[in-house]
Amino acid sequence: MNDSMPSASSGSHPPVPPPPSAEATPEKPRRALPVWALPAVAAAVALTVGLGAGAIIGGSGDVRETPEYVALAAERDAAAAELAEVKVGREEAQGRYAALAESLKDIDDRTAALVERGKELDARSADLDDRESGLDDREKAVGTAEKKAAEKSFDDGIWTVGEDIKPGRYKVTEAVGGSCYWSITRTGSNGDDIIENDIVTGGRPAVVLRTGQDFTSNRCGTWMLQD
């Protein structure tokens, strides 16, 4: 036996050849699906997705029976009810606004009427003021005339010239109808110192009176100072 050859009894194995390198092994080209196979693949994918969704939805396959759909439906119904309430409230508010606008228009009309009435009353008040001022002027004029007339006239009684009546020539305003008695006496004599007297039964007697005399008139009427 040749010594250079290993024996079987020595327990050694023959050498393993090294694996082929990646560069030495050529990559097999991928084969593209033929065009006629694309619809089949799409159908298979859709079927897989549908089965998954069905498993998620439930055994019956009705989405309306899922808790998510029931919750969304309840929210939708609540939102619809709230929207209906909002619409009703808006309609009521619009009605109240229309009534308020009508009331405001009525108030504006009444205010305008009151303003016009106030203008009329102001005009009437100004006219009354003018008339009252005219009446005041007339009353003053009449009062002045009456005062002047009173200063120039007197009736029956005993008068002191220079104190009660002015000195001057006096004459009765109307003819006497009966017996008229008049007398002129010295002031302070109590009627005893008679300067002049007379009894008149008709006509309009006249006298001249001076300061320091008293004049008595009985049933003669009104005596007027002659200018």
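How many salt bridges does the count come to in this structure? The count comes to six salt bridges. The model is a predicted one, and three of its salt bridges are described below, after a general remark. Side chains of opposite charge can pair when their charged atoms come close.

## Salt bridges

| Salt bridge | Closest N to O distance |
|---|---|
| Lys119 and Glu116 | 3.9 Å |
| Glu120 and Arg117 | 3.4 Å |
| Asp193 and Arg186 | 2.7 Å |

Lys119 and Glu116 both belong to helix 2, where they lie three residues apart, about one turn of the helix. Lys119 counts as exposed because its relative accessibility is 51%, and the cut-off for exposed is over 50%. Its partner Glu116 has a relative accessible area of 43% and is partly exposed.

Glu120 and Arg117 are also placed in helix 2, again three residues apart, or about one turn of the helix. Glu120 is partly exposed, at 44% relative accessibility. Arg117 is partly exposed as well, at 42%.

For the salt bridge between Asp193 and Arg186, the side chains meet at 2.7 Å, N to O. Asp193 has a relative accessibility of 33% and so counts as partly exposed. Arg186, with a relative accessible area of 43%, is partly exposed too.

## A nonpolar patch on the surface

Which residues form a nonpolar patch on the surface? They are Val63, Tyr69 and Val70, and together they have about 240 Å² of accessible area. Val63 sits in the loop between helix 1 (38–57) and helix 2 (67–152). At 43% relative accessibility, Val63 is classed as partly exposed.

## The open sheet

Strands of a sheet pair through backbone hydrogen bonds, either parallel or antiparallel. Here, four strands make up an open sheet in the order 1-8-3-6, and their pairing is antiparallel. Strand 1 (153–154) and strand 6 stand at the edges of the sheet; each has a single partner strand, so one side of each is left without a neighbour in the sheet.

Strand 1 pairs with strand 8 (residues 223–225) in the antiparallel sense, over two bridges. Within this pair, Phe154 stands opposite Trp223 of strand 8.

## The largest nonpolar core

Phe154 and Trp223 also appear in the largest nonpolar core, which has 16 residues. The members that touch the most other members are Phe154, Tyr170, Trp182, Val207, Leu209, Phe215 and Trp223. The elements that give two or more residues to this core are strand 3 (168–172), strand 4 (180–186), strand 6 and strand 8. The largest share, three residues, comes from strand 4.

What does Trp223 touch, not counting residues up to four places away in sequence? Its contacts include Phe154, Tyr170, Trp182, Val207 and Phe215. Lys152, Ser153, Lys171, Val172, Pro205, Ala206 and Ser217 are also among the residues that Trp223 touches.

## Strand 7 and its partners

Is strand 7 (residues 213–218) largely enclosed or largely open? Five of its six residues are buried, so strand 7 is largely enclosed by the rest of the structure. A residue counts as buried when its relative accessible area is under 20%.

Strand 7 pairs with strand 2 (residues 157–160) in the antiparallel sense, over four bridges. In this pairing, Ile158 stands opposite Thr216 of strand 7.

Strand 4 is joined to strand 7 by six bridges, and the two run antiparallel. Here the bridge partner of Trp182 is Ser217 in strand 7. Trp182 and Ser217 are both among the residues that Trp223 touches.

## A glycine in a loop

Gly202 lies in the loop between strand 5 (194–200) and strand 6 (206–209). Gly202 is partly exposed, at a relative accessible area of 35%. Leaving out residues up to four places away in sequence, Gly202 touches Val176 and Gly178. Gly202 and Val176 are 26 residues apart along the chain, and their C-alpha atoms are separated by 5.0 Å.

How values were computed: Residues are numbered from 1 along each chain as its sequence is written. This is a predicted model: local features need pLDDT of at least 70, side-chain atom pairs count only at pLDDT 80 or more; totals for chains, interfaces and linings use all residues. Side-chain values use heavy atoms; hydrogens and water are left out. Buried means under 20% relative accessible area, exposed over 50%, partly exposed in between (1.4 Å probe, protein chains only). Contact means heavy atoms within 4.5 Å. Two strands pair if DSSP finds at least two bridges between them. Patches are made of residues with over 30% relative accessible area and no salt bridge: like charges are joined within 9 Å, nonpolar side chains (Val, Leu, Ile, Met, Phe, Trp, Tyr) within 5 Å. Accessible areas come from the Shrake-Rupley method with a 1.4 Å probe; for residues, only the protein chains shown count as cover. A salt bridge is a side-chain nitrogen of Lys or Arg within 4 Å of a carboxyl oxygen of Asp or Glu. A nonpolar core is a set of buried Ala, Val, Leu, Ile, Met, Phe, Trp, Tyr and Cys residues joined through side-chain atoms within 4.5 Å.
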